[in-house]
Amino acid sequence: MGIEPNYLKRRDVESLRAVEAAFRAGPLAESLASAPDIERRRGLSREEFDSEYRAKGRPVVLEGYAARWPSVRTWSFDSLAERCGSVPVVVDSYSSKAARSTTFGEFVTLLKESAGTGAPPIYLQEWYYKTTAPELADDMPELEIAQYDFRRNLYGDAGSTNHQLWLGQKGGITRLHQDSYSVDVLHAQIVGEKLWYIMGPDSELLPGPDGELDVRALLDSPATQLTRFVLRPGDVLYLPAWWFHRIELLSDSIGLGRKALDEANLRLHVRQRIGELLALALNPDELRRTHSELFDVVMARGRALAHQMDIDLSRLRQ
Ligand SMILES: O=C(O)CCC(=O)C(=O)O
């Protein structure tokens with residue numbers, strides 16, 4: 001099996017560590033401080049959004065676009081714990097070593113107990129809340145600009161609204177990645193602040209002649225388009241498909257990862273979905289070994305989608 005040359009796209013633990021280390025020290029870390037801000041717009045209509053950003057594949061922050069959402073106005077970790085304290089969740093699911101099952105109420109208690117102790121920040125990542133706490137959805141109404149999401153045609157209404165909540169503690173990190181399945185990211189910040197670093201889809205981090213990662217070449221390439229910005233409550237980020245992103249929590253934070261499939265990316269999306277299912281069905285042992293950090297997350301995604309689409313996993317034909 002061929003090895004992916006670009007370190008930014010690899011998902012094995014060693015490569016993830018090497019990229020994360022470059023974000024923390026060295027020339028990449030130094031450039032981050034002076035990376036330009038993203039474009040920010042207020043009061044953008046759906047037509048303006050489509051023609052100025054979506055059609056051109058340009059990232060943008062829509063400031064205050066979700067400011068009136070009930071979640072943005074009323075949510076806190078405590079109020080959510082009161083509403084769905086007994087709901088099962090998996091925290092730190094992006095790390096095969098740290099991942100553990102608990103309840104939402106226990107997760108909030110853990111956050112409080114560990115705050116200020118120097119313990120690693122706790123992060124409930126990619127929570128498909130609709131499978132276990134669907135009542136929360138009323139507090140995050142549909143976004144007018146996201147109506148192009150072609151997944152509705154593919155998976156039906158329920159499957160297409162399979163969005164994720166991200167809830168974590170100050171200092172938490174989601175490592176650099178591209179979203180799967182060629183979907184656009186429409187991330188709404190609900191509570192607290194997050195620092196985002198994004199890079200263009202053609203960014204490449206390759207080993208140089210000395211065998212070390214050539215961070216200089218990455219920074220010097222016009223394809224990199226490194227950008228840095230803070231997302232605040234009510235802001236919605238539009239990030240076109242395949243853009244790399246890395247996130248740091250500047251405070252305790254809650255965000256909604258709302259995805260949208262552009263019809264232009266439909267064929268690729270279907271190929272990637274089918275490819276993933278075939279690989280899981282026909283080659284699970286090797287995948288668990290080569291994608292140890294991603295395997296359980298991908299299984300959780302599949303289960304959430306099956307649940308939303310009312311698919312019985314014990315039957316071969318529905
Ligand atoms: O907020 C985070 O930590 C990650 C969010 C993300 O990767 C996404 O919404 O695609």
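Start by selecting helix 9 (266-282), which gives the largest share of the lining of the second largest pocket, seven residues. Keep in mind that you are touring a predicted model.

**Stop 1: the second largest pocket**

This pocket has a volume of about 700 Å³. In total, 22 residues line the pocket. Select Leu277, Gly302, Ala306, Ile311 and Leu313, the lining residues closest to its centre. Now add helix 7 (151-160) and helix 11 (295-308) to your view of helix 9; each of these helices gives two or more residues to the lining. Colour the lining by class: you should get 15 nonpolar, two polar and five charged residues.

**Stop 2: the second largest cavity**

Next come the cavities. Rolling a probe the size of a water molecule over the atoms shows where empty space is left. How many cavities of 30 Å³ or more does a search of the whole structure find? There are two.

The second largest cavity holds about 50 Å³ of space. Select helix 1 (13-24) and strand 7, which each supply at least two lining residues. Helix 1 gives the most, with five residues. Among the residues of this lining are Ser15, Leu16, Val19, Arg175 and Leu176. By class, six lining residues are nonpolar, one is polar and four are charged.

**Stop 3: the largest cavity**

About 100 Å³ of space lies in the largest cavity. Show strand 7 (173-177), strand 8 (184-191), strand 9 (194-199) and strand 12 (244-249); each gives two or more residues to the lining of this cavity. Trp166, Asp179, Val185, Trp196 and His245 are among the lining residues to pick out. The lining divides into five nonpolar, four polar and three charged residues.

**Stop 4: the ligand**

Where does the ligand sit? Stay where you are: the ligand sits in the largest cavity. There are 13 residues around the ligand, and Tyr123, Thr174, His187, Lys194 and Lys259 come nearest. Strand 13 (253-260) joins strands 7, 8, 9 and 12 in supplying at least two residues each to this shell. The shell has five nonpolar, five polar and three charged residues.

Now show side chains and check three distances.

- Lys259: a polar side-chain atom lies 2.6 Å from an oxygen atom of the ligand.
- Lys194: an N or O atom in the side chain is 2.7 Å from a ligand oxygen.
- His177: an N or O atom in the side chain is 3.1 Å from a ligand oxygen.

Finally, how much of the ligand does the protein bury? Taken alone, the ligand exposes 290 Å², and the protein buries 100% of that.

Conventions: Residues are numbered from 1 along each chain as its sequence is written. This is a predicted model: local features need pLDDT of at least 70, side-chain atom pairs count only at pLDDT 80 or more; totals for chains, interfaces and linings use all residues. Side-chain values use heavy atoms; hydrogens and water are left out. On a 1 Å grid over the protein atoms alone, a cavity is a set of points where a 1.4 Å probe fits but cannot get out, and a pocket is an open set with protein on both sides within 12 Å along at least five of seven lines; lining residues have an atom within 4 Å of a point. Grid points are joined across faces, edges and corners, and a volume is the space filled by probe spheres set on the points. Helices (H or I, at least four residues) and strands (E, at least two) are DSSP runs, numbered from the N terminus. Ala, Val, Leu, Ile, Met, Phe, Trp, Tyr, Cys and Pro count as nonpolar, Asp, Glu, Lys and Arg as charged, and the others, Gly among them, as polar. A residue is near a molecule or strand if one of its heavy atoms lies within 4 Å of it. A polar contact is a pair of N or O atoms within 3.5 Å; within protein, one must be able to donate a hydrogen and the other to accept it, and residues adjacent in sequence count only if both atoms are side-chain atoms. Accessible areas come from the Shrake-Rupley method with a 1.4 Å probe; for residues, only the protein chains shown count as cover. A molecule sits in a cavity or pocket if more than half of its atoms lie within 2 Å of its grid points.
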